[in-house]
Amino acid sequence: GGGRRGVIREVARESVREYKRKTRSHRTLLQRFRGVVAEYGRIAFLFHSSGAAVTLGGAYGAALLGADVHSLVAHLPPSLAAHVTDELGALAIALLALEVSSPPRWALTIVAAPVLAERVRGTRFGDLMGIP
């Protein structure tokens, strides 16, 4: 074997494995998102909701202003695409964008809510948001 170097290498590997085991989260992204909303309340909800509103409005506006709705609808399962009419096309694309962007928005909220809460703590806005 590697003598002393082999022992050191094995100890290092075992340390890394133990660290990964201890720090691994068994909670899903959605569960962590719900935990952040429960902990940070209004500020997490406001941050996440504003991201949803921007996504929904931006996608709807893009669809109305000429995004090729038909080519995007073609990527939907046929059972869904059959129900998307020209009148509903822009709304369908906006709702699809909202749905597809949910996990990244959850992750962003998980990261941003604690930072925002810390920034507004002790301010009038923080008091309005219920941040102690």
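From the N terminus onward, the elements of the protein chain follow the order α-α-α-α-α-α-α-α. In this predicted model, the secondary structure therefore amounts to eight helices and zero strands. The radius of gyration of the protein chain is 23 Å, whereas the globule rule gives 14 Å for 132 residues; because the value is well over that expectation, the chain is more spread out than a compact globule. Along the principal axes, the C-alpha atoms fill a box of roughly 75 × 50 × 20 Å.

Burial and contacts were examined next for the chain as a whole. Of the 132 residues in the protein chain, 23% are buried. The accessible surface comes to about 9,600 Å², and carbon and sulfur atoms account for 64% of that surface. When contacts between residues at least 6 apart in sequence are considered, 72% of them join residues at least 24 apart. With respect to charge, the protein chain carries 17 positive and 10 negative side chains. The centres of these two sets are separated by 15 Å.

Two positions illustrate the local environment within individual helices. Ala 44 is located in helix H3, which spans residues 42-64. With a relative accessibility of 0%, Ala 44 counts as buried, because this value falls under the 20% cut-off. Beyond its neighbours within four places in sequence, Ala 44 is in contact with Val 36, Val 37, Thr 109 and Ala 113. A C-alpha to C-alpha distance of 9.7 Å separates Ala 44 from Arg 34, and the two residues are ten positions apart in sequence.

The second position, Ser 102, belongs to helix H7, which covers residues 102-120. Ser 102 has a relative accessible area of 11% and is therefore assigned as buried, since the limit for this class is under 20%. A polar atom of the Ser 102 side chain lies 3.1 Å from the backbone oxygen of Leu 98. Ser 102 and His 48 are 54 residues apart in sequence, while their C-alpha atoms are 9.3 Å apart in space.

Taken together, the buried state applies both to Ala 44 in the helix of residues 42-64 and to Ser 102 in the helix of residues 102-120. For Ala 44, the contacts beyond the immediate sequence neighbourhood include Thr 109 and Ala 113. For Ser 102, the polar side-chain atom is placed 3.1 Å from the backbone oxygen of Leu 98.

How values were computed. Residues numbered from 1 in each chain as written. Predicted model: local features only at pLDDT ≥ 70, side-chain atom pairs only at ≥ 80, totals over all residues. Heavy atoms only, no water. Helix = DSSP H or I, 4+ residues; strand = E, 2+ residues; numbered from the N terminus. Rg over C-alpha atoms; globule rule 2.2 N^0.38 Å. Buried < 20%, exposed > 50% of the residue type's maximum accessible area, 1.4 Å probe, protein only. Contact = heavy atoms within 4.5 Å. Areas by Shrake-Rupley, 256 points an atom, 1.4 Å probe, with all protein chains shown as cover. Lys, Arg positive; Asp, Glu negative; His and termini not counted. Charge placed at Lys NZ, Arg CZ, Asp CG, Glu CD. Polar contact = N/O pair within 3.5 Å; in protein donor to acceptor, adjacent residues only side chain to side chain.
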